[in-house]
Amino acid sequence: MHRKDTLVRARIERFVVERLRPAIYRGSAPLEVSAWELPDEPVPFADAVTQAFEPFEVGRAWGKPWGTTWFHLTGVVPAEWAELLDGFDGRVELIVDLGFLSGQTGFQAEGLVFAPDGSILKALEPLNTSVPLDVGPGGTIDVYVEAASNPDVGSDWAFRPTVVGDKATAGADPIYHLRQADVALLDSAVWELDRDLWTLTGLADELSTDLPRQAEILRALETVVDRMDPDDISGTAVHGRALLAPVLASPAYASAHRILAVGHAHIDSAWLWPVRETIRKCARTFSNALDLMDRNPDFVFACSSAQQYSWMKTHYPDLFERIRVRVSEGRFVPVGGMWVESDTNMPSGEALVRQLLAGKAFFLAEFGVEPLEVWLPDSFGYSGALPQIVAASGSRYFLTQKTSWNETNVMPHHTFSWEGIDGTRVFTHFPPVDTYSSSLSGEELAKAQRQYSEKGASNVSLVPFGYGNGGGGPTREMLAAASRLRSLEGSPTVELATPRAFFEEAERTYPNPPVWSGELYLEFHRGTYTSQAKTKAGNRRSEHLLREAELWAATAAVRAGAEYPYERLTDLWHTVLLLQFHDILPGSSIAWVHQQAEADYAAVAEQLEDIIARAITALAAGDAASVAFNASPFPVSGVPALSAGVPEHPGVATAERSDGAFVLSNEKLRVTIDSRGLIASIIEVSTGREAVPAGQPGNLLQLFRDTPTQWDAWDLDDHYQRSGTDLLEAESVELLDGDDSSASVRVLRRFGASTVEQVLSVTGNSSALDIVTTVDWHERQKLLKLAFPLDVHADRAASEIQFGHIYRPTHANTSWDAARFETCAHRWVHVGEPGFGVTVANDSTYGHDITRKPNPAGGTFTLVRQSLLRAPVFPDPTADQGRHVLRTSVSIGDDVLDAVREGYRLNLPLRVIEGGVAPPLVASDSPALVIESVKLAEDRSGDLIIRLYEARGAQAGGRITVDADVVSLTETDLLERDLADGSAIRRVDGGAADLHLRPFQIVTLRVGLRPGVG
């Protein structure tokens, strides 16, 4: 702006702050306040109102960290306000300031307001402090406020260590002061004028100084300041609005960008608050949205996460019924279709299926609604397997904005077709506004119009508006902005809409969008693959225990007539799915959240072990022999896949000393471990091929300084690589006693305040070296990696993801390659040359880096490193401290199917019990057709569900056989609904189906059995 215009803008701002906003309320009167502070965790309204409330004064301190105080507010609306209301548009409101801090809503004190009958009115938030009351002058006021004294853990993003994230260390002193509890009289004309000025000044700030439109707006605003009486704002507000009416009525350009605005409140299911507080955040936010719907018939609110609706059904049934009514009207809109807004990097393929299966099942059962858009605005990158999972669940669209956080590269599209690893494409949108919490400000809308990548080809984008993260949602101020921006010269047009309406319009106007192929890697938050290792270990173990429990319970139901534990399995899945939320599984929450997660995982494991024990006991009843149950889709030690049998002798392994080193051998491998406990050699016996480059030690622990520039638990910055220390020296290296089938070396190291014990083992005729690493970890802001240099020249590495794998380059030719310096893999990574490859597998590690390094002998070798542990100090200063047990294997095999087999072996150990052989219920005759899940159908019909995928990345055929009394066999979608155009089944022959799958295709089969099963 020119200097004169800047001065005009400053004059307008002073008028608003000093004159206009203080006049929004024509009068106020204090209410009587009494209070009851809970001694511990929250209680329902019915319990709270029976307590002894004590008088409480405005200005007094209240609320220990994570505490709850109930305030009872009573009073009478002043009768003299009847005269004030005569001749002007006003409304009686409750105004409460709980002691709100400056900064964002959702990160501090919040309140939920109840009527005396227990019905919820709305919430109180830092930027939403009013409650409209349907009461007039002389009327009585009687409300209760459930006030949560949540500490502000870090909304200033200073990333300092804090003790308040753990209830045990947060303290007991009050942290807020009640500042206001009044009944007030809103002057609607003054409020509307304030909204007029806010909209127009925001627009003027974004317009070019050489445009007549900016000057027109500033002159109109200055005229309002000139013409209104500063001593009688209420009396001249209508005149002020009339002066602005012409500039507000000037329509948008025909070419203006079109914005479909969706009311929204991204509520993290846990983050800088525990899950129990999220439940209350949902009630507050949803009550705000419902209140707006009651007063604004055009308002639409979209909300994801079936879990959050389920919480309302359980904890706030009356509120849930109000939601149900608005859902039926199409105004409270379930989106996403998932149980929670999950991380998509680390959950298994089956877990992502269950996110959609559980979420959509809830929405269909409760509302008769099936969301068609997967809505993940804030997850930390998106797996290349996701498009197929989205489409196979019956959904058509995908939305996120998180890749706008990329540090290095800008995504080239905002609307495009996203192609997954199997070739499935899904229509995708990144809102160019670059936020999921818009306030519909002039700055945000101008940014959306300016950044929109598809100019000239399409002209519509979505803006999610409403306070998010910690909840709050849209406000009446935002709706006022939307109404003024429907068609306003100089601004994009704004239309309130549903997500479905946006996607259908975008698809209609952009029928042939560009294609992005492969994962949507987030160039940020790379540390989330490693932070909070115990949470990640709990997730991995739970996923595999769930697989076993369903497999053996389904088999026992069919074979032995055992009862299938539907309810228990559903509840356990819901717990695991919740813990896959994108701030829990990634390790980016406060200590309280991760302590609860670890306790939940322990409880899940106990329940699942009981289900498994009951099922395999029923299956093994009979012969008193030692049998092994193999839940892997591959044979293990002579035991067929998905069955129980007598294991073969594992073969002979030997250990010997040689020139100060230890040599562990079997018929497939010869591993040399030097006197420091480092791997000097791994030789494939049949070929003599060496897997370790000369002079490059394997099993090398490396310790790095880990001090990211920001976002401690989230980020791993590339500068960590410049400060590493190789942990070469060992305190002891010794052979362990064992039988003839196992040979092991134990290595002990100490560094800093930590110790590491490793046991390296060669067993029987296995092609793998197994390593168990036990770390007693007491470092801070350090990263521990485990390195394996491999004598393989590979320009790309395969990493397991959901239902397949993805190839990533081992070089950094482009900025996109260079930014991908830390990546996520599931159970294995594989690097290879034609005819020879090496797999590095794990049982709970997700973070990896895989690079090519120069070999002094010529050429290059490939360095594979696992990221074992971190120690960030924010938001949990105790993150990762303590004992960890991590399992790794290094195995020789020439292709990725060997890697797939090894990943299952390491994560699904045999279960040995006394009993008889149990033949497989389901079998695949092709190693490329991998059976991922065997369970009974969700509809409790007794039908069998089999989910499998093509694992090699090539077309494959094979036969799936079901050893039962089969009456039907069909292909379904992921929600177990028959597919009229299922393409995988070529022929059905009784209990067998001949299949042909495209690369990485997921197939779900539904098998009807004779009545009485399950």
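**Entry 1: helix 8 and its surroundings**

I started with what covers the buried residues of helix 8, and the list includes helix 7 (275-295), strand 14 (301-303), helix 9 (317-328), strand 15 (332-334), helix 10 (349-367) and helix 16 (566-578). A reminder to myself: this is a predicted model. Helix 8 covers residues 306-315, and 7 of its 10 residues are buried, so it is largely enclosed by the rest of the structure. I noted the buried ones as Ala306, Gln307, Gln308, Tyr309, Ser310, Trp311 and Met312.

**Entry 2: the nonpolar cores**

Next I looked up the cores. Which residues have the most contacts inside the largest nonpolar core? I found Leu244, Phe286, Met312, Phe332, Leu944, Ile946 and Leu948, in a core of 207 residues. Helix 17 (residues 591-620) gives this core its largest share, 12 residues. There is also a second, separate core of 47 residues, and Val747, Val762, Leu786 and Ala825 are among its members. For background, nonpolar side chains tend to be buried together in soluble globular proteins.

I then listed the neighbours of leucine 948. Setting aside residues up to four places away in sequence, leucine 948 touches Leu929, Val930, Ile931, Glu932, Ile960, Leu995, Leu997, Gln1001, Ile1002, Val1003 and Leu1005.

**Entry 3: valine 353**

Back in helix 10, I picked valine 353. Is it buried or exposed? Valine 353 is buried, with a relative accessible area of 1%. Beyond its neighbours within four places in sequence, I see valine 353 in contact with Ile389, Phe803, Arg947 and Leu974. I also checked its distance to glutamate 822, which is 469 residues away along the chain: the two C-alpha atoms are separated by 26 Å.

**Entry 4: cysteines**

How many disulfides does the structure hold? I get 0. I looked at cysteine 282, whose closest cysteine sulfur belongs to cysteine 303; the two sulfurs are 6.7 Å apart, too far for a bond. Seen from the other side, cysteine 303 is in no disulfide, and its nearest cysteine sulfur is that of cysteine 282. Cysteine 282 counts as buried because its relative accessibility is 0%. Cysteine 303 is buried too, at a relative accessible area of 2%.

**Entry 5: two aspartates**

I turned to aspartate 194, which I found in helix 4 (residues 188-206). Its relative accessibility is 3%, so I count aspartate 194 as buried. What does its side chain make a polar contact with? The partner is the side chain of arginine 21, at 2.8 Å. Apart from residues up to four places away in sequence, aspartate 194 touches Val16, Leu20, Arg21 and Ile24.

Aspartate 674 sits in a loop, between strand 27 (669-673) and strand 28 (679-684). Buried means under 20% relative accessible area, so at 16% relative accessibility aspartate 674 counts as buried. The side chain of aspartate 674 reaches a backbone atom, the nitrogen of arginine 676, at 2.8 Å. Leaving out neighbours within four places in sequence, I list Gly660, Ala661, Phe662 and Val733 as contacts of aspartate 674.

**Entry 6: the sheet around strands 27 and 28**

Strands 27 and 28 belong to an open sheet of 5 strands, which I read in the order 25-26-27-28-29 with antiparallel pairing. Which strands are at the edges? They are strand 25 (654-658) and strand 29 (689-690), each pairing on one side only. Strand 25 pairs with strand 26 (residues 661-665) over 5 bridges in the antiparallel sense. Within that pair, threonine 654 stands opposite serine 665.

**Entry 7: strand 7**

My last stop was strand 7 (residues 110-114), where 5 of the 5 residues are buried. Both faces are covered, with Glu110, Leu112 and Phe114 on one side and Gly111 and Val113 on the other. Strand 7 runs antiparallel to strand 10 (residues 140-149), joined to it by 5 bridges. Here valine 113 stands opposite valine 145. Strand 7 is also antiparallel to strand 8 (residues 120-124), with 4 bridges between them. In this pairing phenylalanine 114 faces isoleucine 120. I noted that strands 7 and 8 form a hairpin with 5 residues between them, and that glycine 118 in the turn has a positive phi of about 90 degrees.

Note on methods. Residues are numbered from 1 along each chain as its sequence is written. This is a predicted model: local features need pLDDT of at least 70, side-chain atom pairs count only at pLDDT 80 or more; totals for chains, interfaces and linings use all residues. Side-chain values use heavy atoms; hydrogens and water are left out. A nonpolar core is a set of buried Ala, Val, Leu, Ile, Met, Phe, Trp, Tyr and Cys residues joined through side-chain atoms within 4.5 Å. Buried means under 20% relative accessible area, exposed over 50%, partly exposed in between (1.4 Å probe, protein chains only). Contact means heavy atoms within 4.5 Å. A polar contact is a pair of N or O atoms within 3.5 Å; within protein, one must be able to donate a hydrogen and the other to accept it, and residues adjacent in sequence count only if both atoms are side-chain atoms. Two strands pair if DSSP finds at least two bridges between them. A disulfide is a pair of cysteine sulfur atoms within 2.5 Å.
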